[in-house]
Amino acid sequence: MRTIQWGIIGTGNIASKFAEALQGMEDTSLAGVASRNLEKASKFAKEFGALKAYGSYEELAEATDIDVVYIGTPHTEHLVNAALMIKNKKAVLCEKPFTLNERDSKYLVELAKDNKVFLMEAMWTKFLPTTIQVKRWLNEGKIGIVKKMQIGFGFFNEFNEAHRYFNFNLGGGALLDVGIYPITYAIDLMESNPDKICSMVSKLENGIDEQNCILFQFPGQAIAMLSSAVAVEVGKEALIIGDKGRIRVPNFWKADKAYVYDNEGKLIETYKEADRVNGYEFEAYEVNQCIREGLLESKRVPLKDTLDVMKIMDDLRKEWGIHYPQENN
Ligand SMILES: NC(=O)c1ccc[n+]([C@@H]2O[C@H](COP(=O)([O-])OP(=O)(O)OC[C@H]3O[C@@H](n4cnc5c(N)ncnc54)[C@H](OP(=O)(O)O)[C@@H]3O)[C@@H](O)[C@H]2O)c1
């Protein structure tokens, strides 16, 4: 099978995890890594077995031995970084949120189409075997008709403006960082966008959303109660409630197990994932396969789904009065 040559730009927290996943994959090579600082790139390359280190993102964009670039930079940089790679005919897997807003995401989608390169949001949760199993259970009617979902993703952090979670200039706040997961998960499980949306937000003095609650109503009237936070421990579980039972998914965004209960609360089925490197390999396998097949987007994470979620988040932020400085351009 053709080996896919990856490049990584940005050498932070998530890029390390993604590189670790690539190391554990078949027919996959980490051909190069780029940092804004060559020393950092070299250290990262040594740690994760990358063949080359670049001291700028531009140099990696021009490399001729790279098929696809993983973008692991802060939200605010995705637009410019992804555009650079696309213009240099590189396929792109870009971290979530894809960009700050729908307008910028649409620009990237058009640019990729014009340059005939593959583009995908790194919404890894959709590729987890546990997520696939939960969807299978729902399609089999294991819990009957879905009536309600409760999905939270949030944690407590001390306020620290140096961290991107709290930094307004780096697209900080709960919605774009973690709120995107419950939104995407609910829509994916219901296989529909919501008909109605209402919400509440608590903002910090610097303007970011510390926490939010969002209610979706889907066609057929199922309701999803979604919450996210960067400074409040709101849990990380998804509960999907049907008229015949419920499914519980602990740590749903990185889940490796899920449980089905009947209406009396009796556990009737358990799913446990067999094996993983660290969970990020599943999205990378999808990208490898799409590139081998010459596809320009993934069927599991199509660009339309990414744009739909960006639009929902734009509308919520408009209501909450959250407008990032980069959006003035
Ligand atoms: N899929 C997931 O599970 C997951 C988990 C965490 C984060 N994420 C997403 O991944 C992205 C990065 O998050 P992270 O936690 O890895 O961030 P991080 O640890 O701060 O790393 C970001 C990296 O981006 C580069 N960078 C480029 N421009 C920058 C700037 N202006 N300020 C700071 N760093 C800059 C830096 O690498 P160099 O110095 O080497 O250039 C930095 O190390 C975010 O969009 C986040 O939403 C996804």
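**Reading the ligand site, step by step**

User: Which residues surround the ligand, and how many are there?

Analyst: Happy to start there: 23 residues surround the ligand, and the closest are Thr11, Ser35, Lys40, Tyr57 and Tyr280. A residue belongs to this shell if one of its heavy atoms lies within 4 Å of the ligand. Please keep in mind that this is a predicted model, where local features need pLDDT of at least 70, side-chain atom pairs count only at pLDDT 80 or more, and totals for chains, interfaces and linings use all residues. Residues are numbered from 1 along each chain as its sequence is written, and side-chain values use heavy atoms, with hydrogens and water left out.

User: What is the make-up of the shell by class?

Analyst: The shell has 7 nonpolar, 9 polar and 7 charged residues. Here Ala, Val, Leu, Ile, Met, Phe, Trp, Tyr, Cys and Pro count as nonpolar, Asp, Glu, Lys and Arg as charged, and the others, Gly among them, as polar.

User: Which polar side-chain atom lies 2.6 Å from an oxygen atom of the ligand?

Analyst: For a ligand, a polar contact is a pair of N or O atoms within 3.5 Å. That 2.6 Å pair involves a side-chain atom of lysine 40. Arginine 164 also places a polar side-chain atom 2.9 Å from a ligand oxygen, while asparagine 13 uses a polar backbone atom, at 3.0 Å.

User: Which domains does the shell draw on?

Analyst: Domain bounds come from an automatic or database domain assignment. Domain 1 (4-122 + 280-298) and domain 2 (129-272) each give at least three residues to the shell.

User: Where is the cis peptide bond, and which residue that is not a glycine has a positive phi?

Analyst: As background, most residues other than glycine have a negative phi, and most peptide bonds are trans. In this model, the bond from lysine 96 to proline 97 is cis, with omega near -15°. Aspartate 27 is the residue with a positive phi, of about 50°, although it is not a glycine.

Technical notes
Polar contact = N/O pair within 3.5 Å; in protein donor to acceptor, adjacent residues only side chain to side chain.
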